[in-house]
Amino acid sequence: MDVDPKVREWLRERGTESVTHPGGTLYAHLCRVEERLARIGHDPVVQAAGLTHAAYGTDGFDLALVFWQDRITLIELIGPDAEELVYLYGACDRDESWPELAATHRVTDRFTGSVTRLADWQVTPFVDLSVVNELDVLEHDPALLAEHRDHFTGLFAAWEPVMSPAVATEARRLFTP
């Protein structure tokens, strides 16, 4: 089962095709993330989360397509499990959450300040979504890759125990000289 075409339509209606992003547009980036998650074997829930991962904005990309407190809009579009991953991804305070994520499975919410422990089923999809997103950005912006190579090399090595094997292989391929 593929992601409902209405999701792509919803993204285009929100102007994602006109938002500049490494590799072209935000829309193109979102589609690449979804497609990569599909290629490595994630189910449609994770694929839908990948396609809409920037809906609430992110700690690294402020543009929101829908207000984070209007979660019902995305729940109705992609379902509650996919929306929960999108919310966690968008709300994640990266400085607080990422360094210990593999050990704690905790995400600090940048909107509310609360801390959430990821459900067991969410850990690998959340990490894989995070890694696939960064891989896409870094592959399309060599200057960012050069600037942040050491940071992501260390971070992804720390996350490897909770990554899917396919994502770990892709990360190693980009970061291993």
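In this predicted model, Arg-172 and Glu-160 form a salt bridge in which the closest N and O atoms are 2.4 Å apart. Arg-172 belongs to helix α10 (residues 165-175), whereas Glu-160 sits in the loop between α9 (142-159) and α10, so the pair ties together parts that are 12 residues apart in sequence. Both partners fall into the intermediate class of accessibility: Arg-172 counts as partly exposed at 38% relative accessibility, and Glu-160 counts as partly exposed at 33%. Elsewhere, salt bridges that share partners join Arg-8, Glu-34 and Glu-35 into one network.

These pairs belong to a total of 10 salt bridges in the structure. Three of the pairs are set out below, each with its N to O distance.

| Salt bridge | Distance (N to O) |
|---|---|
| Arg-172 and Glu-160 | 2.4 Å |
| Asp-136 and Arg-32 | 2.7 Å |
| Arg-14 and Glu-13 | 3.6 Å |

The side chains of Asp-136 and Arg-32 meet in a salt bridge at 2.7 Å. Asp-136 is part of helix α8 (residues 120-140) and Arg-32 is part of helix α2 (residues 26-39), so this bridge ties together parts that are 104 residues apart in sequence. The acidic partner of the bridge, Asp-136, is buried, with a relative accessible area of 4%. In the salt bridge between Arg-14 and Glu-13, by contrast, Arg-14 is partly exposed, with a relative accessible area of 34%, and Glu-13 is exposed, with a relative accessible area of 55%.

Aromatic side chains provide another set of contacts, and the count comes to 11 aromatic pairs. In one of them, the ring centres of Trp-98 and Trp-159 are 5.2 Å apart and the ring planes stand at 80 degrees, so the arrangement is edge-to-face, given that planes over 60 degrees apart are classed in this way. Trp-98 lies in the loop between α6 (94-97) and α7 (101-104), while Trp-159 lies in helix α9, so the two rings tie together parts that are 61 residues apart in sequence. Both Trp-98 and Trp-159 are buried. A further group, made up of Tyr-56, Phe-67, Trp-68, Tyr-87 and Phe-111, is linked into a cluster by ring pairs. One member of this cluster, Tyr-87, also has Arg-71 lying over its face, at 4.0 Å from the ring centre.

Trp-159 appears again in the surroundings of Leu-101, a residue of helix α7 that is buried, with a relative accessible area of 1%. When neighbours within four places in sequence are left aside, Leu-101 is in contact with Arg-106, Val-107, Leu-118, Phe-126, Val-127 and Trp-159. The C-alpha atoms of Leu-101 and Arg-117, which are 16 residues apart along the chain, are separated by 9.6 Å.

His-42 offers a second view of a buried site, here within the loop between α2 and α3 (44-51). The relative accessible area of His-42 is 14%, so it falls under the 20% limit and is classed as buried. Not counting residues up to four places away in sequence, His-42 touches Leu-37, Gln-47, Pro-125, Asp-128 and Ser-164.

Gln-47, one of the residues touched by His-42, is also among the buried residues of α3, which are Val-46, Gln-47, Ala-48, Ala-49, Gly-50 and Leu-51. Because six of the eight residues of α3 are buried, this helix is largely enclosed by the rest of the structure. The cover over those buried residues includes α1 (5-13), α2, α4 (71-78), α5 (80-91) and α8; α2 and α8 are also the helices that hold Arg-32 and Asp-136. At the start of α3, a side-chain oxygen of Asp-43 reaches to within 3.0 Å of the backbone nitrogen of Val-45.

Finally, the cysteines deserve a remark. A search of the whole structure finds zero disulfides. Cys-31 counts as buried at 8% relative accessibility, and Cys-92 is likewise buried, with a relative accessible area of 2%.

Note on methods. Residues numbered from 1 in each chain as written. Predicted model: local features only at pLDDT ≥ 70, side-chain atom pairs only at ≥ 80, totals over all residues. Heavy atoms only, no water. Salt bridge = Lys/Arg side-chain N within 4 Å of Asp/Glu carboxyl O. Buried < 20%, exposed > 50% of the residue type's maximum accessible area, 1.4 Å probe, protein only. Helix = DSSP H or I, 4+ residues; strand = E, 2+ residues; numbered from the N terminus. Phe/Tyr/Trp six-rings, centres within 6.5 Å; stacked < 30°, edge-to-face > 60°. Lys NZ or Arg CZ within 6 Å of the ring centre and 35° of its normal. Contact = heavy atoms within 4.5 Å. Disulfide = S-S within 2.5 Å. Polar contact = N/O pair within 3.5 Å; in protein donor to acceptor, adjacent residues only side chain to side chain.
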